[in-house]
Amino acid sequence: MARRVNIMLDDDSWRVIEKLPRGTRSRAVNAAIREWSGAVRRRDASARMDALRARLPAVETDRIVRWIREAREKRLP
């Protein structure tokens with residue numbers, strides 16, 4: 001469901017929006033918000049993973065490979 005909102009834009013943003021044909025402005029703003037929110041979510045997830053990585057002990061690569069192989073073997077019929 002769509003919602004009508006009033007927002008304040010700075011002059012530079014308005015100049016960009018103003019050049020868009022009517023009917024495409026909302027789609028452009030929606031796309032920009034989706035892109036921005038996705039970037040924020042990825043940045044936040046990366047920060048959480050970095051925090052976990054700092055708290056957890058290091059694991060050797062060969063051990064990780066062994067875990068992956070064992071998990072795959074369990075799934076095979």
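Asp12 is exposed in this predicted model, with a relative accessible area of 52%. Its partner in a salt bridge is Arg15, with 2.6 Å between the closest N and O atoms. Arg15 is partly exposed, at 43% relative accessibility. Both residues belong to helix H1, where a spacing of three residues puts Asp12 and Arg15 about one helical turn apart.

**Salt bridges**

How many salt bridges does a search of the whole structure find? The search finds three. Side chains of opposite charge can pair when their charged atoms come close. The table gives the N to O distance for each pair.

| Acidic residue | Basic residue | N to O distance |
|---|---|---|
| Asp12 | Arg15 | 2.6 Å |
| Asp44 | Arg43 | 3.8 Å |
| Asp50 | Arg53 | 2.7 Å |

The pair Asp50 and Arg53 lies in helix H2, which covers residues 25-55. Here too the two residues are three apart, and about one helical turn separates Asp50 from Arg53. Asp50 is partly exposed, with a relative accessible area of 41%, while Arg53 is exposed at 53%.

In the remaining pair, the side chains of Arg43 and Asp44 meet at 3.8 Å, N to O. A salt bridge requires a side-chain nitrogen of Lys or Arg within 4 Å of a carboxyl oxygen of Asp or Glu, so a distance of 3.8 Å qualifies. Arg43 is exposed, at 54% relative accessible area, and Asp44 is partly exposed, at 33%.

**Helix H2 and its packing**

Helix H2 has 31 residues. From its first C-alpha to its last it reaches 45 Å, close to the 45 Å expected at 1.5 Å a residue. Which residues of H2 are buried? They are Arg25, Gly38 and Val40. These buried residues of H2 pack against H1.

**Nonpolar surface patch**

Helix H1 spans residues 11-19 and contains Trp14. Is Trp14 buried or partly exposed? Trp14 is partly exposed, with a relative accessible area of 37%. Patches take residues with over 30% relative accessible area, so Trp14 at 37% passes that cut-off. Together with Val5, Ile7 and Leu9, Trp14 forms a nonpolar patch on the surface. The accessible area of the four residues together is about 390 Å².

Helix H1 thus holds Trp14 of the nonpolar patch as well as the salt-bridged residues Asp12 and Arg15.

Conventions: Residues are numbered from 1 along each chain as its sequence is written. This is a predicted model: local features need pLDDT of at least 70, side-chain atom pairs count only at pLDDT 80 or more; totals for chains, interfaces and linings use all residues. Side-chain values use heavy atoms; hydrogens and water are left out. Patches are made of residues with over 30% relative accessible area and no salt bridge: like charges are joined within 9 Å, nonpolar side chains (Val, Leu, Ile, Met, Phe, Trp, Tyr) within 5 Å. Accessible areas come from the Shrake-Rupley method with a 1.4 Å probe; for residues, only the protein chains shown count as cover. Helices (H or I, at least four residues) and strands (E, at least two) are DSSP runs, numbered from the N terminus. Buried means under 20% relative accessible area, exposed over 50%, partly exposed in between (1.4 Å probe, protein chains only). The expected span of a helix is 1.5 Å times one less than its number of residues. Contact means heavy atoms within 4.5 Å.
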